[in-house]
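Below are my notes on the model you sent, as numbered points. They cover burial, the cores, the ligand site and a few backbone features.

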Amino acid sequence: MEKRKSAAQPTLKNKTLTSSLSSPAAFHVLITDPLATEGLSLLTHNSQFQIHLKVGAPLSEWEDLLQDCHCWLVRSETKVTETLIAKAPHLKVIGRAGVGIDNIDVEAASRRGILVMNVPGANTLAAAEHTFGLILALSRNIPQAHRDLSSGKWERKRLMGSELAGKTLGIVGLGRIGREISKRAQAFNMRVLAYDPYVPLEYASSLGVEVTSLENLLNTSDYITLHTSLNEKTRHLISEKTLRQVKSGARLINCARGELVDEKALLKALEEGKLRGAALDVFSQEPLPPTSALVKASQSLNLILTPHLGASTEEAQLKVASELARNIVDYFQQGILRNAVNLPGFDAEILEKLGDHLSLAERLGRFSAQVLSGGLLEVRIQCDGTYEPNQRRPLAVAALKGLLSSIMDESGISWVNAPLLAQERGIKLLETATPASSDGFFKLLTVSVKTETGQQTVSGTVQPNGELRLVRFGSLTVDVVLQGKMLVLTNQDRPGVIGLIGTLLGKYKINIADMRVGRKSAKGEAAMVISVDEDVPAEVLKEIKSIAGIQAIHWVKL
Ligand code: NAD
């Protein structure tokens with residue numbers, strides 16, 4: 001393992017700590033990444049926990065400690081692999097000080113019943129403030145002015161700035177960070193617009209924010225700041241096409257995810273003067289290579305680059321460490337579960353009995369999120385057939401978690417916080433049931449999502465061989481495996497449509513794995529679910545949409 005430097009907060013020196021020698025510790029905690037010292041005091045001052053600090057030490061120095069370890073705390077550096085998990089027979093909790101869990105094999109942990117906890121939201125203010133710093137730096141040319149002066153130049157004319165007061169700020173993604181940005185912008189007397197197709201209007205207006213379309217936001221905002229999660233709809237949200245819609249002279253800030261921006265198109269827009277400036281904290285490749293075109297352009301264009309500093313404040317690191325320490329102590333001593341990303345706080349027996357039905361509920365939620373439109377108002381789960389009353393709530397939470405994970409920053413959604421996040425956004429979660437089997441299914445699960453523009457209903461079932469199948473889409477009957485990549489279309493049933501779609505996909509070398517059509521009556525409303533092996537690019541989706549009779553098309557990835 002690589003040697004690492006500690007975070008800005010002082011970290012404890014590598015050693016083993018027990019707060020009281022008189023009572024033997026009940027739990028062994030292994031820490032292999034740098035965490036803020038002060039934040040860990042709840043753990044280090046608790047005689048029940050023995051802390052083994054092995055920050056940056058080679059694996060050979062701590063591998064043996066896994067044998068007795070109950071809890072393993074990391075940041076993003078240590079790779080928590082299946083092989084290492086297998087060496088820890090007593091491991092109960094893996095704690096991630098931060099949000100992303102890419103470095104942890106969550107599936108392997110789940111198979112062993114090990115909780116994976118993270119700390120979402122602790123860096124919200126840090127990221128919001130960094131974004132605001134960049135907005136100000138962009139409007140007053142602060143980095144360029146510093147660069148000039150430190151090389152002996154005093155050129156005030158060239159560095160004329162502009163004021164934020166009276167300007168329009170467009171926020172793309174009104175989640176945790178977007179919300180904080182909106183408050184700060186209003187304090188600067190800015191008009192605040194937001195584009196977020198999943199937040200109800202009422203929620204946005206309670207924040208004093210005007211909700212608008214992406215196109216309107218782009219062509220009216222003086223400053224555009226990105227705070228959306230990364231998903232299939234937001235990858236390259238800022239592209240050559242959307243940059244054409246941007247108001248001339250606008251400034252763009254990205255402190256969310258590098259993949260939201262097509263960096264080539266951004267550079268072109270800066271060179272052509274369409275954008276007056278841009279500030280990026282995140283990149284498609286990190287660390288940003290010194291040879292990158294962005295680095296080169298930052299020497300001459302109004303382009304400010306920071307090395308993913310959004311969450312890097314002493315306070316955020318401290319908050320992450322102290323929240324994690326509190327969650328660990330509460331879990332081991334009182335059984336209180338706060339941010340488990342992999343297991344809900346439900347009775348293990350109920351969950352075991354539900355088995356694949358939990359995955360079905362989660363997949364139906366994920367599917368719904370990708371075919372609906374409009375601000376979310378209500379999620380209803382209908383359990384038909386032989387589901388037991390105590391199974392409804394876990395199924396509802398699983399569906400909600402799946403739905404929110406496809407919309408919000410996935411690593412920030414856990415079984416525990418999904419209902420709270422829904423409540424915060426004004427989304428109702430309902431469970432209903434009928435003991436009678438529906439359409440001959442032993443058990444049929446239906447997820448209905450009410451949005452500001454309508455209602456979307458999908459139903460699924462688990463086959464005896466464990467296969468998850470989508471059996472209803474709206475009022476139409478379909479039958480397709482709920483996995484992989486799918487095109488979901490609604491159309492007017494007419495001859496030739498299926499052939500045209502097949503030919504078009506063939507032309508772009510996209511292989512059809514399965515195709516199911518559901519319809520109410522001949523020549524009436526129909527739905528098509530096409531499972532494909534390859535990704536379908538946006539241009540191809542557009543071409544399919546233009547086929548006569550196609551009403552809507554959705555790209556779904558499960
Ligand atoms: P969040 O999940 O609270 O909010 C994300 C918002 O994006 C949600 O409101 C969701 O409805 C919205 N959204 C989803 N799809 C959208 C679409 N197609 N168009 C517009 N909006 C859409 O997440 P957050 O905690 O506010 O984080 C926001 C982003 O910032 C995430 O991408 C996160 O990874 C990133 N982040 C970066 C740093 C950093 O160091 N630079 C630190 C923290 C978070």
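Is leucine 275 buried or exposed?

1. The model is a predicted one. Leucine 275 counts as buried because its relative accessibility is 2%, and the cut-off for that class is under 20%. The residue sits in strand E12. Leaving out residues up to four places away in sequence, leucine 275 touches Leu243, Val246, Ala250, Leu252, Leu266, Ala269 and Leu270. Tyrosine 195 is 80 residues from leucine 275 in sequence, and the C-alpha atoms of the two are 19 Å apart in space.

2. Helix H11 spans residues 263-271, and Glu263, Ala265, Leu266, Leu267, Ala269 and Leu270 are its buried residues. These buried residues pack against helix H10 (240-245), strand E11 (250-254), E12, H12 and E13. Leu266, Ala269 and Leu270 also appear among the contacts of leucine 275. At the start of H11, the backbone nitrogen of lysine 264 has a side-chain oxygen of aspartate 262 within 3.2 Å. After H11 comes glycine 273, with a positive phi near 85°.

3. Which residues have the most contacts inside the largest nonpolar core? They are Phe367, Leu403, Leu445 and Leu470, in a core of 51 residues. Helix H16 (residues 392-405) gives the most to this core, namely eight residues. A second core, separate from that one, has 29 residues, with Leu214, Leu243, Leu266 and Leu270 included. In soluble globular proteins, nonpolar side chains tend to be buried together.

4. The contacts of phenylalanine 367 can be listed in full. Not counting residues up to four places away in sequence, phenylalanine 367 touches Val458, Leu470, Phe473, Leu482, Met486, Val488, Val556 and Leu558. Leu470, one of these, is itself named among the residues with the most contacts inside the largest core.

5. The ligand is surrounded by 28 residues, and the closest are Ile177, Asp196, Ile407, Asp409 and Arg425. By class, the shell holds 12 nonpolar, 10 polar and six charged residues. For the polar contacts, a polar side-chain atom of aspartate 196 is 2.7 Å from a ligand oxygen. A backbone N or O atom of arginine 176 lies 2.9 Å from an oxygen atom of the ligand, and a polar backbone atom of glycine 175 is 3.3 Å from a ligand oxygen. On its own the ligand has 860 Å² of accessible area, and the protein covers 95% of that.

6. Where is the cis peptide bond that involves proline 287? It runs from glutamate 286 to proline 287, and its omega is near -5°. Proline 287 belongs to the loop between strand E12 (275-280) and helix H12 (293-300).

7. Asparagine 189 has a positive phi, near 60°, although the residue is not glycine. The loop that holds asparagine 189 runs between helix H7 (176-187) and strand E8 (191-195). The residue counts as exposed because its relative accessible area is 56%, and the cut-off for that class is over 50%.

8. Histidine 308 is likewise a residue other than glycine with a positive phi, here near 50°. Histidine 308 lies in the loop between strand E13 (303-305) and helix H13 (314-334). Its relative accessibility is 40%, so histidine 308 counts as partly exposed.

9. Is serine 531 buried or exposed? Serine 531 is buried, with a relative accessible area of 10%, and its place is in strand E22 (residues 525-532). Leaving aside neighbours within four places in sequence, serine 531 is in contact with Val480, Lys485, Met486, Asn511, Ile512, Ala513 and Asp514. Met486 is also one of the residues that phenylalanine 367 touches.

10. Glutamine 423, in helix H17 (residues 418-424), counts as exposed at 60% relative accessibility. Isoleucine 104 is 319 residues from glutamine 423 along the chain, and their C-alpha atoms are separated by 29 Å.

Technical notes
Residues are numbered from 1 along each chain as its sequence is written. This is a predicted model: local features need pLDDT of at least 70, side-chain atom pairs count only at pLDDT 80 or more; totals for chains, interfaces and linings use all residues. Side-chain values use heavy atoms; hydrogens and water are left out. Helices (H or I, at least four residues) and strands (E, at least two) are DSSP runs, numbered from the N terminus. Buried means under 20% relative accessible area, exposed over 50%, partly exposed in between (1.4 Å probe, protein chains only). A nonpolar core is a set of buried Ala, Val, Leu, Ile, Met, Phe, Trp, Tyr and Cys residues joined through side-chain atoms within 4.5 Å. Contact means heavy atoms within 4.5 Å. A residue is near a molecule or strand if one of its heavy atoms lies within 4 Å of it. A polar contact is a pair of N or O atoms within 3.5 Å; within protein, one must be able to donate a hydrogen and the other to accept it, and residues adjacent in sequence count only if both atoms are side-chain atoms. Accessible areas come from the Shrake-Rupley method with a 1.4 Å probe; for residues, only the protein chains shown count as cover. Ala, Val, Leu, Ile, Met, Phe, Trp, Tyr, Cys and Pro count as nonpolar, Asp, Glu, Lys and Arg as charged, and the others, Gly among them, as polar.
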